[in-house]
Amino acid sequence: MTAAPPPLDPQHEAQTAHDSPLFSGLPGDIETSFEFFPPKTDKMSETLWRSVETLKPLGPRFASVTYGAGGSTRSRTHKQVVRIQSEAGIPAAAHLTCVQATREEVDEVARHYWDEGIRHIVALRGDPPDGAAHYTPHPGGYANAADLITGLKKVADFEISVAAYPEVHPDSPDRQADIANLKTKFDAGATRAITQFFFDPECFFRFRDEAAAAGIHGEIVPGIMPVLSFAAVQRMSTLCGTAIPDWMAGLFDGLDDRPEARQLVSATIAAELCRRLYAGGVRQFHFYTLNRAELSYAICHMLGLRPKGATA
């Protein structure tokens, strides 16, 4: 089991960032993973596959594919997960949720993945289906993510990633309950936690330290969301409880009709976030690609990561 990193020393982090301007000297000793969503059209599928092929040379630990509420993207998720692993040669992880499915139905999907050679599941409670204000467990289904993990471990010895919320899950009564729930997921057999996206590195460091103090010693990987659309990120942040700094709105103001400039601003913001996380000891990063490779690739490049086998 991976040992928890030492508590953050803010002064050391600030000094490290100051002494390494413009990402100079970073040795590229990071590990990455990338998240995609199942495409709805042939054109979107082509975009996804170009992104997979662009990011493959960076040697990601795994690539995950999301799963729609109630299994609404089940077949498309399965197709992309299997293709990423079999054709691109990237270890693939399939998202799996508890929503609107019995235990038997979820177990059947998991067994099918195992038979296809998929050894990694991202186990999630899942969001309420469209039209529902609150999550309600299926009468014959898994109650929550920890329950799902226990069931998956009975199906096969999956590697399991779970979700974590540095700014507290919207359904949690408080931070302590949220941390306790995360510990329950690790105790049930989770391998690592991947956080919801955030924009304040100190938020992640506080969460990491609180998790360690609560006895959580597994990997906690920051989830990085490069901003493709500021309006879309605003909508997502409202749903998941992520705080958007006031200064971000000003940086994206006036760029709705300038996608190239918006992309440069987005890459700068995300890369600086990653640089500060790196200065605080983070070496694993999970990128929410939104099926676009350019921003994630650029950020990894700025952090010193180069295609495997490439010479300097």
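Student: What is the relative accessible area of H112?
Tutor: This is a predicted model, where local features need pLDDT of at least 70, side-chain atom pairs count only at pLDDT 80 or more, and totals for chains, interfaces and linings use all residues. Residues are numbered from 1 along each chain as its sequence is written, and side-chain values use heavy atoms, with hydrogens and water left out. H112 lies in helix 4 (helices are DSSP runs of H or I with at least four residues, strands are E runs of at least two, and both are numbered from the N terminus). H112 counts as partly exposed (buried is under 20%, exposed over 50%, partly exposed in between, with a 1.4 Å probe and protein chains only), because its relative accessible area is 40%.

Student: How far apart in space are H112 and H78, C-alpha to C-alpha?
Tutor: In sequence, H112 and H78 are 34 residues apart. In space, their C-alpha to C-alpha distance is 9.3 Å.

Student: In what order do the eight strands close into a barrel?
Tutor: The pairing is parallel (strands pair if DSSP finds at least two bridges between them). From one strand to the next the twist averages 30 degrees, using lines fitted to C-alpha atoms as axes (for helices over the stretch in contact) and angles from 0 to 180 degrees between N-to-C directions. The barrel order is 1-2-3-4-5-6-7-8.

Student: Zooming in on strand 3, which residue of strand 4 is the bridge partner of H95?
Tutor: Strand 3 has a neighbour on each flank we can look at. Strand 2 (residues 62–65) pairs with strand 3 in the parallel sense over three bridges, and there S64 partners A93. Strand 4 (residues 120–124) also runs parallel to strand 3, joined by five bridges, and the partner of H95 there is V122.

Student: How many of the six residues in strand 3 are buried?
Tutor: In a regular strand, side chains alternate between the two faces of the sheet. On one side of strand 3 sit A92, A94 and L96, on the other A93, H95 and T97, and both faces are covered. The buried count for strand 3 (residues 92–97) is six of six.

Student: And further round, which residue of strand 7 is the bridge partner of A193?
Tutor: Strand 6 (residues 192–197) and strand 7 (residues 219–224) pair in the parallel sense over four bridges. For A193, the partner in strand 7 is I220.

Student: Is S33 buried or exposed?
Tutor: S33 belongs to strand 1 (residues 31–36). Ignoring neighbours within four places in sequence, it touches P60, F62, F285, H286 and F287 (contact means heavy atoms within 4.5 Å). Its relative accessible area is 1%, so S33 is buried.

Student: How far apart are the axes of helix 2 and helix 3?
Tutor: Two packed helices are described by the angle between their axes and the distance between the axes. Helix 2 (residues 42–55) packs on helix 3 (residues 74–86) at about 30 degrees, which means they are roughly parallel (under 35 degrees; over 145 is roughly antiparallel, 65 to 115 roughly perpendicular, the rest oblique). S45, L48, W49 and V52 meet Q80, R83 and I84. The axes of helix 2 and helix 3 are apart by 12 Å.

Student: What about helix 10 and helix 11: at what angle do they pack?
Tutor: Helix 10 (residues 259–279) and helix 11 (residues 294–302) have their axes 9 Å apart. The angle makes helix 10 oblique to helix 11. The helix 10 residues meeting helix 11 include Q263, S266 and C274. The packing angle is about 45 degrees.
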